Amino acid sequence: MEGNKIDTFLFSFFSIAYVAILVIGVISLRTYKIKSLVFLLPVVVGLIYDNGIIAIGQFIGEGLRLERLNLARFWIHACFTPLLVLFSWKTLKQGGVLWAKKPLSTFSAYALTFSLVLFEFFSEVSGLHLVANMENGVLSYSSDEPSTGPPLMVLVVSLVLLVASIIIWIKQKWKWFFAGSLAMIIGSAVSLPIDSGAITNFFELGLITSLLGTAIFQSKNITKNSP
């Protein structure tokens, strides 16, 4: 496959993979009533849109339409990604962690999520100016300001996921939540010597897969551990 088509293929693959995860997640939610999935599925929908728009950007072509479609990516990211804090909290509740069932923990989880959404809006989305960017055969719109590393919101969400995954590993002997969270952190921090803007998204896909797997794993204990 030609080099300039690899990223288009990868982003298309990721979008299709997330559609499959969404379908499995919806079926699992309807079948097992796994409450944590209520917070995970919107994130999956956002990832379908994000990867899909990037994949078809070159076919839409540079212009106002594509710019607006890409702007929506940033809004969706700001709204949906913090929901992983609530997913982590709900997973701890489903795992039988007593302090996670306390009213203060519930308030703290929702307050942190809401705060992260507001912070992301004011620090990243508000006043955002997008410019066209063609890289590895993929056309998208991104901020005209140079990136200085992962946004604070992403760092906080990653830390919450990691801490929750360690607790679940200890409490329920389920290691895959931790494996997905750690791999995501390492994948975001390490620069891979690969000429592709999509390759690091494999870590993101691994994380989401591990979160879905965690929810399904907990389904057998959902009645016993849920409040």
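These legends accompany several close-up views of a predicted model.

**View 1. The largest nonpolar core and its best-connected members.** Welcome to the middle of the model! This core holds 46 residues, and those touching the most other members are Tyr-18, Leu-40, Phe-177, Ile-208 and Leu-211. At least two core residues come from each of these helices: α1 (3–32), α2 (37–60), α4 (83–94), α5 (103–125), α6 (152–172), α7 (176–189) and α8 (201–218). The biggest contribution is from α2, which gives ten residues.

**View 2. Phe-177 and the residues it touches.** Here we zoom in on one of the residues with the most contacts to other core members, Phe-177. Leaving out residues up to four places away in sequence, Phe-177 touches Phe-87, Ser-88 and Thr-91, then Leu-161, Ala-164, Ser-165 and Ile-168, and finally Ser-210, Leu-211 and Thr-214. Another core, of five residues, lies apart from the largest one; among its members are Ile-53, Leu-66, Leu-130 and Tyr-141.

**View 3. A nonpolar patch on the surface.** Five residues, Leu-182, Ile-186, Val-190, Leu-192 and Ile-194, make a patch of about 380 Å². Leu-182 belongs to helix α7. Is Leu-182 buried, exposed or partly exposed? Its relative accessible area is 32%, so Leu-182 is partly exposed.

**View 4. Gln-94 and its polar partner.** Gln-94 sits in helix α4. With a relative accessible area of 1%, Gln-94 is buried, because the cut-off for that class is under 20%. Which side chain does Gln-94 meet in a polar contact? The partner is the side chain of Gln-218, at 2.8 Å.

**View 5. Ser-140 in strand β2.** Strand β2 covers residues 138–143 and includes Ser-140. Ser-140 counts as buried, at 12% relative accessibility. Setting aside neighbours within four places in sequence, Ser-140 is in contact with Asn-70 and Arg-73, as well as with Val-131, Ala-132 and Asn-133.

**View 6. Two loop residues with positive phi, Asn-136 and Lys-173.** For those who like backbone torsions, here is a pair to inspect. Asn-136 has phi near 55°, a positive value in a residue other than glycine. The loop that holds Asn-136 runs between β1 (130–135) and β2. Lys-173, also not a glycine, has a positive phi near 60°, and is found in the loop between α6 and α7. Asn-136 counts as buried at 19% relative accessibility, whereas Lys-173 counts as exposed at 66%.

Note on methods: Residues are numbered from 1 along each chain as its sequence is written. This is a predicted model: local features need pLDDT of at least 70, side-chain atom pairs count only at pLDDT 80 or more; totals for chains, interfaces and linings use all residues. Side-chain values use heavy atoms; hydrogens and water are left out. A nonpolar core is a set of buried Ala, Val, Leu, Ile, Met, Phe, Trp, Tyr and Cys residues joined through side-chain atoms within 4.5 Å. Buried means under 20% relative accessible area, exposed over 50%, partly exposed in between (1.4 Å probe, protein chains only). Helices (H or I, at least four residues) and strands (E, at least two) are DSSP runs, numbered from the N terminus. Contact means heavy atoms within 4.5 Å. Patches are made of residues with over 30% relative accessible area and no salt bridge: like charges are joined within 9 Å, nonpolar side chains (Val, Leu, Ile, Met, Phe, Trp, Tyr) within 5 Å. Accessible areas come from the Shrake-Rupley method with a 1.4 Å probe; for residues, only the protein chains shown count as cover. A salt bridge is a side-chain nitrogen of Lys or Arg within 4 Å of a carboxyl oxygen of Asp or Glu. A polar contact is a pair of N or O atoms within 3.5 Å; within protein, one must be able to donate a hydrogen and the other to accept it, and residues adjacent in sequence count only if both atoms are side-chain atoms.
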